[in-house]
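Trainee: I have a structure open on my screen and would love to go through it with you. Could we take it one question at a time?

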Amino acid sequence: MSKVDIKSMTKDELSFALAEINLPKFRTNQIFSWLHQKGVSSFDEMTNLSKSLREQLDEKFVIRSCEIETKRVSKEDSTVKYLFRLYDGEYVESVLMKYKYGYSLCVSTQVGCRMGCKFCASTLGGVIRNLSASEILSQIHMAQNDENIRVSHVVLMGMGEPFDNFENVKKFLYLVNCDDGLNLSMRNISLSTCGIVPSIYELMDMNLQLTLSVSLHAPNDNLRSSLMPINKKYGVSELIKACRIYTEKTSRRISFEYSMISGVNDSDECAEELSKLLKGMLCHVNLIPVNNVRENNYVRSDDNRLKKFVSILEKNSINVTVRRTLGKDIEASCGQLRKKHISAQGGN
Ligand code: SAH
C-alpha cells in the first residue's frame, strides 16, 4: 500500500486519518504544527511524540519534502536561488528575494511546463509532472529553515503553469493561508498565469484576496500567438474580457506581465495598442526586460526603448512599472538553473 502524502492534507482530513488509527484529537494539532509551522522533513523531528508513535506515522504516511541540491546567493543583491531535489529525483527552482517589506519567495508548481512560451527556459523539455501541495509548501519551509527567516510573500511564478495544476494549487493556497499553518495572508500571494481563461473565471468565483498576474507579453493575436502557443486557444480579446470581468467582480487589480524583447514587442505601436487594450481596467503593467536564455535569440530592450514604452503607457493613463532585475548573476530567472543542471548530468 502506498503511503499517504500527509503534508497535502487539510486539518480536517488529517484529523480524520489520525482518528482511524485511534489517535486523540490533540495529536492532530501537534502533528499539523510540526508539518506546517516548523516545516519538518521527517517524523523523527517531531520530538514531542514517542518513538513508537513516530514509527506508526512513518508506516502509514510520507512527508513530501524537498532537499537543497544547489544554492546560489547573488553578490549584487543577496537574492537566493535554490535548486531543490524532489523525492523522485526531479528538480525545481525557487527564488528568495529580499524587499523592504520582507522576504518574497517565488515557487514552482510543476516540474517543467507544457505551455511552450518561446522565451521561457522552463518549458524547453515540456512538463514532467505536477507538484503536490506539500511539495509547493516545502519550498517555503526549506527556504525559511535554511536562511532562518520568515517568508512574508509568495509568488506562484516559478516553473510551471499554476492553472495546469489547479487542484493542487488550490490545496496549497488553502494550507499556506491556514491559521495553524504558515498563516500567510492571501493579499501577500500572487498567482501568475499565461492565460488559461476558464481557470481565471474559476479563480474569480473563489473570491480570494490574492493578486492575479497575467503574462500578456503582446497586445494582439498575431504577435502573442507567435510568442505564446496558449494564445491560439484563448485569444487576446477572450483573455482581456475575462480579466475585465475578474476585476469588476473581485475589485482586485490585475497585474499584466510584459517581457520587453528588442525588436519584437517593444515598438511605439505596441505601446499604443497595449494602452487601448487595457484602457479603463483596474490593472497595472509590469515591464520585464526579457532574460536571455541560452536556447533562444531574444535580446532585452535597451533603456531608451523601455523609457519610451513607459512614457506612452503613462501618457495613456496606464499604471506601469519596470521590474527591478534581481539575481542577474545567479541565473535567477525561471528554469535556467534546472536546465543547466540536467544538461551537466547528460540529460536533455
Ligand atoms: N506559467 C505562469 C508562471 C510562470 S512564468 C505564467 O506564464 O505566468 C513566470 C513569468 O516569467 C511569466 O510572466 C513568464 O512569461 C515570465 N518569463 C518566462 N521566461 C522569461 C524570460 N526569459 N524573461 C522574462 N520573463 C520571462
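Trainee: Let's start with charge pairs: how many salt bridges does a search of the whole structure find?

Mentor: Good place to begin, and keep in mind that this is a predicted model. Side chains of opposite charge can pair when their charged atoms come close. Searching the whole structure for salt bridges gives a total of 17.

Trainee: Which side chain meets Arg 85 in a salt bridge at 3.5 Å, N to O?

Mentor: Arg 85 is in strand β4, residues 80-85, and its partner is in strand β3, residues 67-73, so the pair ties together parts 18 residues apart in sequence. Arg 85 itself is partly exposed, at 28% relative accessible area. The partner is partly exposed as well, with a value of 46%. The side chain that meets Arg 85 at 3.5 Å is that of Glu 67.

Trainee: Which residue is linked with Glu 67 and Arg 85 in a network of salt bridges?

Mentor: Glu 67 and Arg 85 already meet through their side chains. The network of salt bridges that holds these two also includes Glu 69.

Trainee: Moving to the helices, what is the N to O distance in the salt bridge between Glu 167 and Lys 170?

Mentor: Both residues sit in helix α5, and because they are three residues apart, about one helical turn separates them. Glu 167 counts as exposed, with 55% relative accessibility. In the salt bridge between the side chains of Glu 167 and Lys 170, the N to O distance is 3.0 Å.

Trainee: And which helix holds Glu 202, the residue that pairs with Lys 170 across distant parts of the chain?

Mentor: The side chains of Glu 202 and Lys 170 form a salt bridge at 2.5 Å, N to O. This pair links parts of the chain 32 residues apart, with Lys 170 in helix α5. Glu 202 is partly exposed at 34% relative accessibility. The helix that holds Glu 202 spans residues 197-206 and is α6.

Trainee: Now Arg 54 puzzles me: how far away is the nearest side chain of opposite charge?

Mentor: Arg 54 belongs to helix α3, residues 51-60. Its side chain reaches the backbone oxygen of Leu 49 at 3.4 Å. A salt bridge needs a nitrogen-to-oxygen distance within 4 Å. Arg 54 is buried and has no salt bridge, as the nearest side chain of opposite charge, Asp 44, is at a distance of 4.2 Å.

Trainee: Let's look at the ligand: how much of its exposed area does the protein bury?

Mentor: Start with the contacts: an N or O atom in the side chain of His 217 is 2.6 Å from an oxygen atom of the ligand. A polar backbone atom of Asn 291 is 2.9 Å from a nitrogen atom of the ligand, and a backbone N or O atom of Thr 193 lies 3.4 Å from a ligand oxygen. Taken alone, the ligand exposes 540 Å², and the share of it buried by the protein is 94%.

Trainee: How many residues of the shell around the ligand are charged?

Mentor: The ligand is surrounded by 18 residues, and the closest are Phe 119, Ser 192, Ser 215, His 217 and Asn 291. Strands β10 (189-193) and β12 (254-260) each supply at least two residues of this shell. By type, the shell has eight nonpolar and eight polar residues, and the number of charged ones is two.

Trainee: Is Asn 148, with its positive phi, buried or exposed?

Mentor: Phi of Asn 148 is near 55 degrees, a positive value in a residue other than glycine. Asn 148 is located in the loop between α4 (133-147) and β9 (151-156). With a relative accessible area of 70%, Asn 148 is exposed.

Trainee: Last one: which residue's side chain makes a polar contact with the side chain of Ser 225?

Mentor: Ser 225 is part of helix α7, residues 221-227. At 16% relative accessibility, Ser 225 counts as buried. The polar contact of its side chain spans 2.9 Å, and the partner is the side chain of Asn 231.

Methods: Residues are numbered from 1 along each chain as its sequence is written. This is a predicted model: local features need pLDDT of at least 70, side-chain atom pairs count only at pLDDT 80 or more; totals for chains, interfaces and linings use all residues. Side-chain values use heavy atoms; hydrogens and water are left out. A residue is near a molecule or strand if one of its heavy atoms lies within 4 Å of it. A polar contact is a pair of N or O atoms within 3.5 Å; within protein, one must be able to donate a hydrogen and the other to accept it, and residues adjacent in sequence count only if both atoms are side-chain atoms. Accessible areas come from the Shrake-Rupley method with a 1.4 Å probe; for residues, only the protein chains shown count as cover. Helices (H or I, at least four residues) and strands (E, at least two) are DSSP runs, numbered from the N terminus. Ala, Val, Leu, Ile, Met, Phe, Trp, Tyr, Cys and Pro count as nonpolar, Asp, Glu, Lys and Arg as charged, and the others, Gly among them, as polar. Buried means under 20% relative accessible area, exposed over 50%, partly exposed in between (1.4 Å probe, protein chains only). Lys and Arg count as positive and Asp and Glu as negative; His and the chain ends are not counted.
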